[in-house]
Amino acid sequence: MEVEIWHNGNPLDCNTFESNQQVWSIQQLAFFISNVKLSDENTDHQPQLSSTPWQTDDVVLIQPHLVDCGAKSEDKDKTSQNDHSASEALKTNNQLQFLLPVDLDASNQLFFTLAVPFELNHQNPLLQPSPLNLPSMFWSWRSGHKFFRLDMQGPDKNWVFHLGSVGCTAASTMRSPQNECVQPNRLSFNLDKKHNGTKLVMHLDRLIANTEMQNNGSCLFHSGQESCTILMSNLKTQDVFEWH
Amino acid sequence: MALSMFVTQLIKVCSFIILSGFLLACEPPPLDQKQYDWELPKGFPSPLVPKDNPMSAAKVALGKKLFFDVDLSFNQSTSCASCHQPQFAFSEPQKMAIGSTGQGHRRNTQSLVNVAYNSNLTWAHSGLNQIEQQILIPMFSENPIELGITGHEKEVLQRFETKNYSKLFERAFGDNADFDKIVKALASYVRSLTSFASPFDEYAYQSNDDAMTDAAKRGMELFFSEKFECFHCHGGFNFTQSSQHENQRLDLRPFHNTGLYNVDDRGAYPISDQGLIEVTLQPQDMGRFRAPTLRNVEVSAPYMHDGSLATLEDVIEFYAAGGKGQGVANPLKSPFLAGFELQFEQKQDLIEFLHSLTDRQFLNSNANHPLVSP
């Protein structure tokens, strides 16, 4: 299943986009999806994911390929293009790979959680399989992973959204909490199929709607960041994800 | 009779010699050519090693001798260790490096601690990710001249045809010295410089609650907080995002503009060193440098790519201010360098934490290695 990032109703292939007459460039966009289920009229079915550097059997890290469209293109021979695509596979991932073929035609609903499950979220990263050992998506043993990460650079400022569990209690930042955090911030999505079911679409414009990035601060989930309230509400109510 | 017995005996002896010669030839190479024990603490992953240069104890031993040998510089004045000094975690206590001719380098000597885990090498080069490639720079570069081998290849190589070196090359490669083997041995040696036995490691990964002082633990909380943001760039087990290992091969661009300079109010760094943009020619890479590991950072002063910050105190104050001078307003600065308010005690705690990343065992085991003189 492919994952696409859309902006204002169209697929976003470049790492830049316009919002309120300002050009923003995406420095990093990545998020974890887990607990993927498909259902038809009668039954729920939880297909296993294949194990790759980007996914364990239940958790996948999506980090879409967004081209730097402003970059000067360079002449490249065929070999270097091949090399490029091989190394690109280790830089970006825009799909969920199921271990066994799934019948997307027969399914009419897709369910997933935008998070890493609690049992996997606070483990020693050294002993975790990829992608659960990526430092860029890990806060600490106590706080666990960033479930969603969007870092952007605007005309004269930066804007960042890092979603993850907060209010986690442990002896220190290098120790795991025994119990669930006060705000787990695990959002689940139950999506109706719109087309043939081969695409999961994330609408960037709906996520950042009403945040007025230029005026409002980033959201890193430390105290009193107003933008966090707006972003969480957008994720819950604005159809940020759609199953096409 | 006696003669025939002698002949039979002789044949037996000969065939034994021939046979054992045959056996020796077929025997697998001795252990130190095939195997390598990283001796990593429990749970730590092994680094990725290129297929065409597998680790071996024999290569590491040869590489170590080469690393400290001034014969590797054209004028026999300088070794790798002249700049990468073991007691300073394989860096050196001066702003910028100086090569074998006295020519200055524009950058600070980087520590080689855990360099085997780096997904990118040097201060700012997105395409340089193998130690074997990197080593060619100090060996052969003509501007600046470091070891200065270019133009003196034959003369330098001849110095490694001694009986002693021949034995080491034979053991490591089953062959005589050449520059490819010198590079491979040096790469194996610097890969072997792993350091994971700091008080922090004992606390975090070996679960010893008493391994760190209370001040260091308080500093750790600050370091990993979203307020101070240190860990966004200096994250992961090696305190740099620029890390890969056997279980983590994904490649993320680990370069950041920290607001050290801003000469034109549009984010430019001084023309003498503009970082990653020099390699990629992409405007957004202006002033971007690789976040180095913080392991043993206590002993690797001065700091930053140009050595412009003298102490850890200076570094923390720099990050608290969100940059230096005009650099604070650098539009290309990383979003994690917004700056923060810092109490005096917090600064002390952060420094205590950074000191808890010092691996005395590592520093002691490499200290006092004599420089080899001609």
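Start by selecting helix α5 of chain B, residues 131-140, and colour its buried residues: I131(B), Q134(B), I135(B), P138(B) and M139(B). Look down the axis of α5(B) and these buried residues fall within an arc of 145°, so they line one face of the helix. An α-helix has 3.6 residues a turn, so residues three or four places apart point the same way. Now show what lies over that face: the cover of the buried residues of α5(B) includes α4 (80-83) and α8 of chain B. As you go, keep in mind that this is a predicted model.

**Zoom out to chain B**

Which secondary structure does chain B have? Switch to a cartoon view and you will find 15 helices and two strands. Of the 374 residues in chain B, 47% are buried. If you have a contact map to hand, count the contacts in chain B with a separation of 6 or more: 68% of them join residues 24 or more positions apart.

**Next stop: α7**

Select helix α7 of chain B, residues 163-173, where the buried residues are L168(B), F169(B) and A172(B). They sit on the same side of α7(B), because the arc they cover around the axis is only 100°. Turn the helix over: the face pointing away from the buried side carries K163(B) and K167(B), both exposed. The buried residues of α7(B) are covered by elements including α3 (57-67) and α8 (179-191) of chain B. Before leaving, click on G174(B), just after α7(B), which takes a positive phi of about 65°.

**The α3 and α8 crossing**

Keep α3(B) and α8(B) on screen. How do they pack? Their axes are 7 Å apart, at an angle of about 100°, which means that α3(B) is roughly perpendicular to α8(B). Turn on side chains for K59(B), V60(B), L62(B), G63(B), K64(B), L66(B) and F67(B) in α3(B); they meet I182(B), K184(B), A185(B), L186(B), S188(B) and Y189(B) in α8(B). By class, the residues of this contact are eight nonpolar, two polar and three charged.

**Two domains**

Now colour chain B by its domain assignment, with domain 1 at 57-195 and domain 2 at 199-362. The C-alpha centres of the two domains of chain B lie 26 Å apart. Where they touch, domain 1 of chain B gives 24 residues and domain 2 of chain B gives 32 residues. What classes of residue does domain 1 of chain B bring to the side that touches domain 2? There are eight nonpolar, 13 polar and three charged residues.

**Over to α10 and α14**

Select helix α10 (residues 214-223) and helix α14 (residues 344-355) of chain B, whose axes come within 7 Å and cross at roughly 100°. That crossing angle makes α10(B) roughly perpendicular to α14(B). For a closer look at the contact, pick residues including M220(B), L222(B) and F223(B) in α10(B), and L350(B), F353(B) and H355(B) among those they and their neighbours meet in α14(B). The contact of α10(B) with α14(B) divides into seven nonpolar, four polar and three charged residues.

**Last stop: chain A**

Finally, bring chain A into view. The contact between the chains takes 27 residues from chain B and 31 residues from chain A. On the chain B side, the elements that give two or more residues are α9 (199-204) and α10. Which of the elements gives the largest share? That is α10(B), with three residues. Colour the chain B side by class and you will see 13 nonpolar, eight polar and six charged residues.

Definitions and conventions
Residues numbered from 1 in each chain as written. Chains lettered and ligands numbered in written order. Predicted model: local features only at pLDDT ≥ 70, side-chain atom pairs only at ≥ 80, totals over all residues. Helix = DSSP H or I, 4+ residues; strand = E, 2+ residues; numbered from the N terminus. Buried ≥ 20, exposed ≤ 12 C-beta atoms within 10 Å, placed from the backbone. Contact = placed C-beta atoms within 7 Å. Arc of directions from axis to C-beta. Axes fitted to C-alpha atoms, helices over the stretch in contact; angles between N-to-C directions. Parallel < 35°, antiparallel > 145°, perpendicular 65-115°, else oblique. Nonpolar A, V, L, I, M, F, W, Y, C, P; charged D, E, K, R; others polar. Domains from an automatic or database assignment.
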